[in-house]
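Work through the following exercises with the sequence and the 3D structure at hand, and try each task before reading its solution.

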Amino acid sequence: MGGGITLDHFLVLSLIIFGLGLFTVLTRRNAIGILMGIELILNSANINYLAFAFYGGGKYDGQIFAIFVIMLAAAEAVIGLAVVLAIYQNFKTIDVDATETLSG
Amino acid sequence: MDLGNIASLTHFYPELIMVTGVLVIVILDLALTDKQYLGDLALITAAGSLMAIGLEAPHAGAWLFHRMLVFDSFAIYFRALIALAAVIGVWMSIGSEEVKTCDQGEYYAILLASAFAMFLMAESANLLMAYLALEFVSLTSYILTGFLRHNRRSLEAALKYLIYGGVASGTMIYGMSWIFGITGSLDFTVINRALSAPGHLPVLAVFIALVLILTGMGYKVASVPFHMWAPDVYTGAPIPITTFLAIGSKAAGFALLTRFFFPAISTLTAGGSWTALAGVDWPQLLLFICIITMTLGNLAALQQTNMKRLLAYSSIAQAGYALMGFVVLSNDGIRAMLFYLFAYYLMDAGAFLVVMIVANSTGREDIDAYRGLAWRGGIVPAIALTIFLFSLTGIPLTIGFIGKFYLFAAVIRGQFYVLAIVGILNSVVSLYYYLRPIRTMFFDQPQGDEGVVKFEPWNYGLMGVLACAIIALGLYWQPIIAFADRSLNFFVGPA
């Protein structure tokens, strides 16, 4: 299968992307940046599903899961951007530290 | 029984009623100019759904929609709880001043859709379905939290909820992908069979996958360390939504957590105890999480000055108590947990309802607004809040005491003595912050700037029902524990 690329390569790739996504979420202060980090996390899971489905053989569960994740990521982005837009209208910034009024 | 799409509908009436309600509300919202009856329609829908659940056959068991959902008595219990949350949420929304300015049609449609999604969460028998349902609940909750579009706190809460929720559910599906890779299936029964089959089990991989999955489910029940969103979201959201999330969303989370960690990856042995997978030590991890959750929730609640925030931390601590029934790995414990969730429903909804009554009249949520509440027209809410807080503490003659009694009995029978001691110490600590509002209401003199609490028949009605139920069921709890007992039946079917 494909020039010596094995399941492990995909798993390592997805692990790296998962780590990058988590790192983005934890370090970014810009709301849009954080949403992009969440997308990375979702897509790292997608890579896993596709790789497992491809190398595991058999049914299409993995591919179907990935399609649903892509769809839900879009739905989440819609709501996320709507909230960010409303935040911008009220706070004039989308920096998550600057919008901090609830704490304690 | 493995039912197809059409045959499944006969076990799907409560959900169908909910969905019909959503569609009718959306259409009427477009057609009508006078929108004040949409709330009543939503209330009728939620109540109709609750009644449909009551009429369902108690001992049935079947796979629905080609093994996507499972219909069993465990699902009936949680669907009853969730429909009850929807009824309480809609009832409070109708009586809330905050929600009156919102777009009524969208608000009630999304609220009912959220309840529908929670039904699915309680019934899912497949990792894909579990993820879809959990995300459906999350998406609707984000919208409802940020519904006060010109209120900064509401929007900030929605943003935080969205960020924490996105990360938690993303982490969860990453963990699910490992389970999928290890077992080759998304179906709970097949996963169980693959994991418990003799042979080499990748213990470390399974453990990490379970921890990742626990992130998503733990975030729904607001257990430490995935609790950070809860205080902010509970404070920022409109009070009826706070209540709906605090009871409904938490119950749905517990339903999914129980269904995944018991029938899907553990095996039931004779004598009603569950055995975890050999070598995969998630019970120990959950025990740790449970202890931290109740301790941190109670300690953080000690210094709160906002009632909503205080109740938010208290609800984290309450989730920790309910988890005690989870970690003892026995049917005894699960039954105690089911009973405690019902008790928690009544007392937490009641406490938030009183907060809403005070906020309706005064517009304030801080504890200072309760100064001398009993002596400025609010004697009835003050007495009711006292009952709710006593029940949350676990004082005898309330249902909260009975719930804690069952939990501690299960813990001691399972010989988790350290857990029992920590739980009892926590109850003592919680007494301090639960008594503080009571002292403020009865023993502090009003200083004149707090405003008068108006009499609102609609809200007082629900408050009376909840307070009476807490006392009545605290004296005669047999029907509820019998219902919980009947619900201990997971359908795993012939695989």
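**Exercise 1.** Locate B:Gly451 in its chain and describe its surroundings.

*Solution.* Begin with the sequence: B:Gly451 sits in the loop that runs between α17 (417-443) and α18 (457-475) of chain B, where helices (H or I, at least four residues) and strands (E, at least two) are DSSP runs, numbered from the N terminus. The model is a predicted one, in which local features need pLDDT of at least 70, side-chain atom pairs count only at pLDDT 80 or more, and totals for chains, interfaces and linings use all residues. Residues are numbered from 1 along each chain as its sequence is written, while chains are lettered from A and ligands numbered from 1 in the order in which they are written.

Next, consider burial: B:Gly451 has 15 other C-beta atoms within 10 Å and is therefore partly exposed, given that a residue is buried with 20 or more such atoms, exposed with 12 or fewer, and partly exposed in between, with C-beta atoms placed from the backbone.

Finally, look for its partners: leaving aside residues up to four places away in sequence, B:Gly451 touches B:Ser361 and B:Thr362, a contact being a pair whose C-beta atoms, placed from the backbone, lie within 7 Å. B:Arg364 is 87 residues from B:Gly451 in sequence, yet their C-alpha atoms are 9.8 Å apart in space.

**Exercise 2.** Determine how α6(B) and α11(B) are oriented and which residues join them.

*Solution.* First take the geometry: α6(B) and helix α11 (residues 239-264) of chain B pack at an angle of about 170 degrees, and their axes are 12 Å apart. Axes are lines fitted to C-alpha atoms, for helices over the stretch in contact, and angles run from 0 to 180 degrees between N-to-C directions. The two helices are therefore roughly antiparallel, the word used for angles over 145 degrees.

Then inspect the contact, in which residues of α6(B), including B:Leu134 and B:Val137, meet residues of α11(B), including B:Leu245 and B:Leu256.

**Exercise 3.** Describe the side of chain B that touches chain A.

*Solution.* Start with the count: 34 residues of chain B are in contact with 35 residues of chain A. The elements of chain B that give two or more residues to this side are α6 (127-145), α7 (152-183) and α10 (229-236), and the largest share, 18 residues, comes from α7(B).

**Exercise 4.** Summarise the helices and strands of chain A and its dimensions.

*Solution.* Chain A has three helices and zero strands, and its C-alpha atoms fill a box of roughly 55 × 25 × 25 Å along the principal axes.

Methods
Two residues are in contact if their C-beta atoms, placed from the backbone, lie within 7 Å. Angles under 35 degrees count as roughly parallel, over 145 as roughly antiparallel, 65 to 115 as roughly perpendicular and the rest as oblique.
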